[in-house]
Amino acid sequence: MDKIIVKGGPRLEGEVAVSGAKNAALPILASALLADGKSVYRNVPDLADVKTMLKVLGTMGCGTARLTGEQADVCEVEVHGPIHPEAPYDLVKTMRASVLVLGPLVARFGRARVSMPGGCAIGARPIDQHLKGLKALGADIHLTEGYVEATAKRLTGGTVNFDVITVTGTENVMMAAALARGRSVLENCAREPEVEELARVLNKMGARIEGAGTSVITIEGVEALKPVEHAILPDRIEAGTLMVAAAITGGDVLVTHVVPEHLEAVILKLRETGCTVSPEARSIRVKAPRVLHSVDVKTTEHPGFPTDMQAQLMALMTVAEGTAVISERIFENRFMHVPELHRMGADITIEGHTAVVKGVRTLSGAPVMATDLRASASLVLAGLRAEGKSEVQRIYHLDRGYERLEQKLRGLGADIQRVKA
Ligand code: EPU
């Protein structure tokens with residue numbers, strides 16, 4: 001298995017470009033199922049999760065391709081001829097976002113068989129709200145042999161009030177409602193930029209969706225959608241991770257290809273730590289202070305501080321002056337980076353959903369490993385600051401969600417390399 005070797009110390013400086021957003025690309029690729037013909041997507045990050053989604057679509061009978069050379073950021077999905085509307089366990093167990101094909105399949109083909117995702121490293125993560133939404137649109141849902149089977153002659157518009165705010169749940173039901181007969185109103189929706197981006201794509205395909213990005217989304221179902229060409233928005237979590245990389249190394253970095261409005265909560269927190277954060281139209285410059293101050297953070301749904309940045313901010317707090325209280329409100333088990341940060345000398349105590357981080361003067365390099373994507377990123381960040389060498393193992397987690405992270409950090413002056421197994 002590949003690992004990353006990072007020697008802490010260098011101050012990061014320079015300019016780095018952010019790739020397309022994983023969590024926008026995944027539902028958008030699934031939405032190709034809603035139309036007959038070839039959809040073309042640009043700025044699609046080359047990530048393990050994107051490959052998995054293309055594989056899910058491929059096993060159903062869609063034509064999928066990633067172009068090469070100067071067009072290596074382009075993915076195509078062609079839906080043509082018979083579709084086998086099933087997402088098998090082997091693929092869903094490697095990526096729970098595969099469940100995003102459920103809504104499009106039942107809406108367009110009247111039938112879907114999708115493996116239940118089960119729990120994962122960061123929490124139980126049920127999909128009851130996805131199912132509640134599809135039922136409200138008239139789908140018949142059965143759970144058999146670990147699979148969700150959904151059928152409907154044609155979905156009909158309905159009202160869905162989500163009990164829990166869910167990103168992929170909102171996306172799944174929104175995609176289904178786009179082809180339902182009549183009007184749907186989705187209440188208590190996730191307001192993440194990726195939900196808004198999916199609605200933008202669906203509307204380009206001919207859907208009639210209003211209100212995405214707010215908590216109430218209204219959808220007038222249409223008879224058919226057409227394929228689309230679209231460039232995926234930048235990844236705000238990758239951008240935030242690179243911003244923390246600048247902060248934790250005492251650096252000065254210009255992060256480009258970003259939408260600063262998507263990062264407001266992260267910008268405010270970094271400013272509280274003493275960083276100078278200067279957003280421009282499509283870039284953000286982060287200049288670290290001489291001494292970082294501790295800040296308290298509570299993760300919440302967008303526009304609050306994102307759970308996907310919690311581990312990275314915690315890495316930063318391990319070396320800030322003072323004590324930080326970090327509350328994780330979205331996932332019940334998202335502190336697996338803590339024991340690994342301990343191995344690097346961090347002082348962190350967990351009480352339920354809260355971590356109390358007392359800043360230490362120095363971290364020391366160590367072999368570490370992580371069990372999820374953002375936890376891996378936090379260990380790389382800690383390694384950039386630690387004295388000596390850190391070896392981050394199991395980086396297939398990192399490869400699920402960061403495109404060439406080590407190359408990007410090396411471009412900023414980090415002493416970091418990937419060692420092939
Ligand atoms: N939940 C339910 N029932 C449901 C759905 C969700 O109880 O039917 C609960 C979850 O267990 C969790 C909370 O609601 O406690 C929020 O989960 P949500 O459904 O919003 O998460 P998700 O859609 O599965 C997406 C991202 C995650 C990100 C979360 C929260 C994608 C593909 N994934 O997951 O991204 O952490 O939203 O913002 O969009 C990552 O990129 O590292 C990642 C984990």
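Tutor: A polar contact is a pair of N or O atoms within 3.5 Å. The model under discussion is predicted.

Student: What makes the approach of the ligand to the side chain of Arg 334 a polar contact?

Tutor: An oxygen atom of the ligand is 3.3 Å from an N or O atom in the side chain of Arg 334. The cut-off is 3.5 Å, so the pair counts as a polar contact. The protein covers 88% of the 830 Å² of accessible area that the ligand has on its own.

Student: What makes the approach to Thr 166 a polar contact?

Tutor: Here a ligand oxygen is 2.7 Å from an N or O atom in the Thr 166 side chain. That value lies within 3.5 Å, so this pair qualifies. Thr 166 is also among the closest of the 21 residues that surround the ligand.

Student: Which helices supply at least two residues each to the shell around the ligand?

Tutor: They are α1 (22–31), α5 (128–136), α6 (167–178) and α12. The most comes from α5, with three residues.

Student: How do you know that the length of α12 agrees with its number of residues?

Tutor: At 1.5 Å a residue, the 13 residues of α12 (residues 373–385) should span 18 Å. The end C-alpha atoms of α12 are 19 Å apart, which agrees with that expectation.

Student: Why is α12 called mostly covered?

Tutor: A residue is buried when its relative accessible area is under 20%. Twelve of the 13 residues in α12 are buried, so the helix is described as mostly covered. Among them are Leu 373, Arg 374 and Gly 383.

Methods. Residues are numbered from 1 along each chain as its sequence is written. This is a predicted model: local features need pLDDT of at least 70, side-chain atom pairs count only at pLDDT 80 or more; totals for chains, interfaces and linings use all residues. Side-chain values use heavy atoms; hydrogens and water are left out. Helices (H or I, at least four residues) and strands (E, at least two) are DSSP runs, numbered from the N terminus. The expected span of a helix is 1.5 Å times one less than its number of residues. Buried means under 20% relative accessible area, exposed over 50%, partly exposed in between (1.4 Å probe, protein chains only). A residue is near a molecule or strand if one of its heavy atoms lies within 4 Å of it. A polar contact is a pair of N or O atoms within 3.5 Å; within protein, one must be able to donate a hydrogen and the other to accept it, and residues adjacent in sequence count only if both atoms are side-chain atoms. Accessible areas come from the Shrake-Rupley method with a 1.4 Å probe; for residues, only the protein chains shown count as cover.
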